[in-house]
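Let's take a quick tour of a protein model together. Have a look at the picture first, and then we'll go through it topic by topic.

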Amino acid sequence: MVPYLHDLLESSPLTLLLMVTSAAIGGTLQYGYNLAIMNAPTIFIQTFINETFLERWDHQLEDYQVTLLWTIIVSIFSLGGLAGALIAGPMTISFGRKKCLLLNNVFLMSGALLALTSRVAKSFEMIILSRVLVGINAGISMNVQPMYFGESAPKHLRGAISLSSAVFTAFGVVLGQVVGLREILGSESCWQYLLASNAVPGFIQLVTLPWFPESPRYLLIDRGDKEACINALRRLRGCEVQNSELDEILQEQAATKGMKPKQPWELFSDRSVRWQLISIIIISSAMQLCGNDAIYLYASYVFKEAGISSDTIQYVTIGTGTCEFTACIMCNLLIERKGRRLMLMGGFVSMAFWAVVFTVALSLEHLISWMPYLSMACIFTYILSFGMGPAGVTGLLPTEIFNQAARPAAYMIAGSLMWLNLFIVGMLFPFLSELRQYCFVPFVVVCLLSALYVGLFLPETKGKSLSLITQEFHKLNFKVHDRDGDAQTGAQYQLGEVCHSTSL
């Protein structure tokens, strides 16, 4: 059976699809899954915290103290993710993309073990440490997986393959919501198993991912192993390597020859990547500051206002995750047709529109009987809009607009901002909710400004080689051009395109 599997994966067009599935199951799926599974056991873990304090120190905690500890347990996941994003870059440089994802499971398995034994040990501190480790795992995978996919996919499928990271994130949310049902693992007797269940997809990745090749670009550009790169391309494409694709990678290798991998702080002083850096800073921050995760938090309140009983809210909430999952699949199918800019702009503008409608609906919910149902509809359409654009395209951009030497550092910056802003939104939203019907006004502003930036400054990258994308950003980064330099640069890109065309 093993030799047959090896032969099947040796040279098959299915290899790329199977590699994507293997990497994502233990990768970005974990981010969505570990966000979703914390909803069901809230009351049970709070009771566990109180009982632990009472048994240890014969002291009953006040309600606000229990809430504070629970907030720490939930929010510490974001800080773990921030730490993971910071170490992801050096890990990918030292170990490669695939091996980094495999080593990342050390954090996951350690966290799962702590969560599983926390109840027996009567230690809520173990739950906190578990969430830190699981957050580190998610932070690394959210950076490394899109990089791995973007470097392994052919140019015409680069967007769709990279966007699968968002599809699996949304699938993780749905899976976490389903597993967290009271009938499965969301009961009082099973919450420790629920928190440790993230080890299952991690184990699947450990068993399957070693069968697949490393990123071809990493093998050639970082390791200088042309033969390994060609073998990886042959396996991932299921056919002989096209000269045009190999020429493009060789061109990028020549452009970065002698360059060491850049550190994040070096990008801030490098004028040649100024607008690339501004783009990922704005769009990565907007991904969290747009309020999508906050609307997940607000969903329960709106469902209650709509007259849905507390017992059935857990089932209705699954619809929110299903919406994002469906939207990410639709975006995956459309991105190579409509392009990155249109999907991003459309997503942000649509979110702003539905946030305004949501504000109006909340303002009138006590005056018009059916307004709470409009609020529910706004929740679903807001999440659909997020999934159709920002959820997927954001993770793809650093792969397409940075070269091999700067890409790990760019992902470190983008990932750090994503996790930091997730933490900020999570901490500030309880205060924003005090604004009642106006709590989503700040998110409207973020969405509109983000759409405006994308429309004015972000070049389209669909179907373009890295050299052409670099050329477009060169026009933004250097307002005043030297004619000789421009002619030389133009000739270089033209040469690459002629080689590409001839190969075809």
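Of the contacts in the protein chain with a separation of 6 or more, what percentage comes from residues 24 or more positions apart? It's 82%. Keep in mind that this is a predicted model. The protein chain has 504 residues, and 54% of them count as buried.

**The overall build**
- If you go looking for strands, you'll find zero of them, while the helices number 25.

**The nonpolar cores**
- The largest nonpolar core is made of 74 residues.
- Leu-267, Ile-280, Leu-344, Tyr-382, Phe-402, Trp-419 and Phe-440 have the most contacts inside that core.
- Take Leu-344 from that group: leaving aside neighbours within four places in sequence, its contacts include Ile-283, Pro-390, Val-393, Leu-397, Val-454 and Leu-458.
- Leu-344 also touches Gly-389 and Thr-394, again with those sequence neighbours left aside.
- Apart from the largest core lies another one, with 44 residues, among them Leu-16, Ile-37, Ile-73 and Leu-195.

**Two helices that pack together**
- Helix 4 covers residues 42–57 and helix 5 covers residues 63–95.
- Their axes are 10 Å apart, and the packing angle is about 120°.
- That angle is why helix 4 and helix 5 are described as oblique to each other.
- The crossing of helix 4 past helix 5 is right-handed.
- On the helix 4 side, the residues that meet helix 5 are Thr-42, Ile-45, Gln-46, Ile-49, Asn-50 and Phe-53.
- Their partners in helix 5 are Val-66, Leu-69, Trp-70 and Ile-73.
- Sort the residues of this contact by type and you get seven nonpolar, three polar and no charged.
- Ile-73 turns up twice in our tour: it is part of the 44-residue core and part of this helix contact.

**Ser-94 and Arg-97**
- Ser-94 sits in helix 5, and Arg-97 is in helix 6, which spans residues 97–103.
- Is Arg-97 buried or exposed? Its relative accessibility is 1%, so Arg-97 counts as buried.
- Ser-94 has a relative accessible area of 47%, so it counts as partly exposed.
- Leaving aside neighbours within four places in sequence, Ser-94 is in contact with Tyr-218 and Arg-223.
- With the same kind of neighbours left aside, Arg-97 has a list of contacts that includes Tyr-148, Glu-151, Glu-214, Tyr-218, Asp-222 and Gln-404.
- Ser-94 and Asp-222 are 128 residues apart in sequence, yet their C-alpha atoms are 9.7 Å apart in space.

Technical notes:
Residues numbered from 1 in each chain as written. Predicted model: local features only at pLDDT ≥ 70, side-chain atom pairs only at ≥ 80, totals over all residues. Heavy atoms only, no water. Core = buried A, V, L, I, M, F, W, Y, C linked by side-chain atoms within 4.5 Å. Buried < 20%, exposed > 50% of the residue type's maximum accessible area, 1.4 Å probe, protein only. Contact = heavy atoms within 4.5 Å. Axes fitted to C-alpha atoms, helices over the stretch in contact; angles between N-to-C directions. Helix = DSSP H or I, 4+ residues; strand = E, 2+ residues; numbered from the N terminus. Parallel < 35°, antiparallel > 145°, perpendicular 65-115°, else oblique. Left-handed = near helix turned anticlockwise from the far one by under 90°. Nonpolar A, V, L, I, M, F, W, Y, C, P; charged D, E, K, R; others polar.
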